[in-house]
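Student: I'd like to go through this structure with you and ask how each label is earned. Can we start from the charged side chains and work outwards?

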Number of protein chains: 2
Amino acid sequence: MRTLNVALGDRAYPIHIGPGVLDDAGLIRPFLRTARVAIVTNDVVGPLYLARLQRALEADGVRVDVVTLPDGESHKNWQTLNLVFDMLLATRCERSTTLIALGGGVVGDMAGFAAATYQRGMPFIQVPTTLLSQVDSSVGGKTAINHPLGKNMIGAFYQPRVVLADTATLDTLPDRELKAGLAEVIKYGLIRDPALFDWLEAHIERVLAREPEALAFAIERSCANKAEVVAADETEQGERALLNLGHTFGHAIETGMGYGNWLHGEAVAAGTMMAAELSRRLGWLTAAEVARIEALHVRAGLPVLGPPLPVATYLELMANDKKVEEGRLRLVLLRSIGKAVLHAGAAPDLIGASIEARCG
Amino acid sequence: MRTLNVALGDRAYPIHIGPGVLDDAGLIRPFLRTARVAIVTNDVVGPLYLARLQRALEADGVRVDVVTLPDGESHKNWQTLNLVFDMLLATRCERSTTLIALGGGVVGDMAGFAAATYQRGMPFIQVPTTLLSQVDSSVGGKTAINHPLGKNMIGAFYQPRVVLADTATLDTLPDRELKAGLAEVIKYGLIRDPALFDWLEAHIERVLAREPEALAFAIERSCANKAEVVAADETEQGERALLNLGHTFGHAIETGMGYGNWLHGEAVAAGTMMAAELSRRLGWLTAAEVARIEALHVRAGLPVLGPPLPVATYLELMANDKKVEEGRLRLVLLRSIGKAVLHAGAAPDLIGASIEARCG
């Protein structure tokens, strides 16, 4: 087991990474305020891992209540969130009860938002079971649900008490989701860790083959990058925005295509190629660098073109992005492989042309 | 104009109290991050005061968008809250846009929760227009919506940047709502300010007659009490819970009778009498003190008996209270007029008997 720390003062917390951490109630128990938890999971992950987590906690004298949500991004909305509140109230969970998210990014984002808002805040623990959630969404305290007009538009910054990333749960992850998770690993290389990018160029097939050592390295390195960024800028006033490379384009794809039709990581991959294309047109990336980025995404089995929506639709959807300020779209772009910047000066025509060149 | 300060470190903010502060955009402008606001009001307050606030801001070069909600506690739910999100997204409000609540407690609680969660948090300003919201809900950062199983069960602690309490707006407040607001003023006297209680005994008819000086004194003194308590305990780990005198009983009344049938202040008044009755049975208050408390409520035109719900229903609804910890109901009770305590040791039978004695 490897342990990282997210240094957030009185909200600091550890991330434990390794096979089987799910069964170790000793990693959870010190963080509970009372001997009571509520677990939020979904109908795909629950049948695989709920019984183990529940058994470990109950053997330690903890009362466990459970709510199982329907799986998928299309359910990341108020109606589904309300199933969590219904359960919490029906079982009389208190604000001292701890909420545990067992599942991928959607479960984590919704359970986290429920924890942030139930009785104005209850303790929260993340047990991510997908590559995407282990390397990204379960660390850093971003919680949210979607609105028909925009992804993650309603949410809160709310930090977990501890994160348990059980790498063995990835054994049951569908290939498509493993690949989608890799998009975020590649992202850390692109924005701030060129050595990670180099490592992925050398070893990405080992990750795709789920070699435990390769997976564990990719996860730990990703979490370490994220923990550093979040510790420096918890509520995204500055550097943290760089974690959104490809996300403004990607959210437009997710919203425009209907939630869940493109996986988040797939949309981020195509969005990253659009950002790389725009960076090249601004004279920052060379064509050779764009080709390297594209080649790594192709080897990861990720899309390098967005869907054929009209460019006007992309721009319209992007204008709702959370990084827009005083009407100006601020995009995360690349100065080189390993160095991202937030840039508000790109002309709409140039943005449109970059989208055009990278969709279809 | 009188100004108080809520001392919350980097989230400190001023409360301006006086007639006509609504028209003074100079009190708002320094707190805006960009020249853009969204105003949330309701269909009763909007027609009376929206144009003035909007004109003042627009004359100062601020873009103003507006959403008008249906009035009343029965609308304090997700469906109505979503009208705010719909407007914010349709008009492309950014996370740097400031949300302004113009109205009573329901508008303030909902707008505050919308501000806390839109794009994970946008700046927020309160312009309360009822006595209840001026003395209580607009100060302190509690925001929430109701759930069918409990009042204010979903919310956040989220502080405003500034509060403008325009005492002249109370001229249009219905008598019933003025009286309901007085319940919270009496509460401050009971829990921590015996001199305020004495003053109310001497002058409550002047407040009911809306004498400007009497109103301003009652509001300023209430806000000063609240500001002190909130500064000492922002997220209700301790002393702040004392502000909920009468509220655990009162929430049961509001939920049990259907939201909006009893006004919040009316339910708090009846709940306060139940708490006083229980305090007497515990040997803490004398019969004479209970009689004084009752007499003041009667003079304020407030109910001193709860509705005739079965005691079991009261207890059932109270068991969902946010102050329950490890199954034990923690009630705010009175040691004397001017001194409240949080008490978890009252026997259910004694609680039931106190309710029984004070409902019907």
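**Salt bridges, burial and the interface**

Tutor: Let's start with a group: salt bridges link A:Glu277, A:Arg280, A:Arg281, A:Glu294 and A:Arg358 into a network. Keep in mind that this is a predicted model.

Student: How many salt bridges are there over all chains?

Tutor: The count comes to 64 over all chains.

Student: What makes the pair A:Asp166 and A:Arg52 a salt bridge?

Tutor: Set the distance against the cut-off. The N to O distance between the two side chains is 3.9 Å, and the rule asks for a Lys or Arg side-chain nitrogen within 4 Å of an Asp or Glu carboxyl oxygen, so the pair qualifies. A:Asp166 sits in strand E9 (residues 163-166) and A:Arg52 in helix H1 (residues 46-59) of chain A, so the bridge ties together parts that are 114 residues apart in sequence.

Student: Why is A:Asp166 called buried, and what is A:Arg52 called?

Tutor: Buried means under 20% relative accessible area. A:Asp166 has 1%, so the label is buried. A:Arg52 has 27%, so this residue counts as partly exposed.

Student: What about A:Asp109 and A:Lys76, how do you know that they form a salt bridge?

Tutor: Their side chains meet at 2.7 Å, N to O, and the limit is 4 Å, so they pass. The two residues come from distant parts of the chain: A:Asp109 belongs to helix H3 (residues 105-117), while A:Lys76 is in the loop between strand E4 (63-69) and helix H2 (78-90) of chain A, 33 residues away.

Student: Why does that pair also count as a polar contact?

Tutor: The 2.7 Å between the side chains of A:Lys76 and A:Asp109 is set against a limit of 3.5 Å for N or O atoms, so that label fits as well.

Student: Is A:Lys76 buried or exposed?

Tutor: Buried: its relative accessibility is 3%, set against the 20% cut-off. A:Asp109 is buried too. Leaving aside neighbours within four places in sequence, A:Lys76 has contacts that include A:Val106, A:Met110, A:Ile145 and A:Asn152.

Student: What makes B:Glu239 and B:Arg192 a salt bridge?

Tutor: An N to O distance of 3.6 Å falls within the 4 Å limit, so the rule accepts the pair. B:Glu239 lies in the loop between helix H7 (212-232) and helix H8 (247-257), B:Arg192 lies in helix H5 (residues 175-192), and 47 residues separate them in the sequence of chain B. Both are partly exposed, B:Glu239 at 34% and B:Arg192 at 26%.

Student: And A:Leu305, why is that residue called partly exposed?

Tutor: Its relative accessibility is 38%, which is between the 20% and 50% cut-offs, so partly exposed is the right class. A:Leu305 is in the loop between helix H10 (287-299) and helix H11 (311-318) of chain A. Beyond four places in sequence, A:Leu305 touches A:Trp262, A:Ala270, A:Ala357, A:Arg358 and A:Cys359. One of those, A:Arg358, belongs to the salt-bridge network we began with.

Student: Now the two chains. How much area do chain B and chain A bury between them?

Tutor: About 3,700 Å², with 50% of it on carbon and sulfur atoms. B:Arg92, B:Arg95 and B:Arg120 lose the most area on the side of chain B, together 23% of what that side buries. Each chain supplies 42 residues to the contact.

Student: How many salt bridges does the rule find across the interface?

Tutor: Six. One pair that bridges the chains is B:Glu236 and A:Arg95, at 3.1 Å, N to O. There are also 20 residue pairs in polar contact between the chains. Among the elements that each supply at least two residues to chain B's side are helix H2 (78-90) and strand E8 (150-157). By class, that side has 16 nonpolar, 11 polar and 15 charged residues.

Student: How do you know that the copies are related as by a two-fold rotation axis?

Tutor: A turn of 180 degrees and a shift of 0.0 Å along the axis lay chain B on chain A with an RMSD of 0.0 Å. The copies are thus related as by a two-fold rotation axis. In chain B, B:Trp78 comes closest to that axis, its C-alpha at 4.1 Å.

Student: And what makes you say that the copies meet through the same surface?

Tutor: Of the interface residues of chain B, 100% are also interface residues in chain A, so the surface is the same.

Methods. Residues numbered from 1 in each chain as written. Chains lettered and ligands numbered in written order. Predicted model: local features only at pLDDT ≥ 70, side-chain atom pairs only at ≥ 80, totals over all residues. Heavy atoms only, no water. Helix = DSSP H or I, 4+ residues; strand = E, 2+ residues; numbered from the N terminus. Buried < 20%, exposed > 50% of the residue type's maximum accessible area, 1.4 Å probe, protein only. Contact = heavy atoms within 4.5 Å. Buried area = accessible area lost by both parts, 1.4 Å probe. Polar contact = N/O pair within 3.5 Å; in protein donor to acceptor, adjacent residues only side chain to side chain. Nonpolar A, V, L, I, M, F, W, Y, C, P; charged D, E, K, R; others polar. Least-squares fit on C-alpha atoms with pLDDT ≥ 70 in both.
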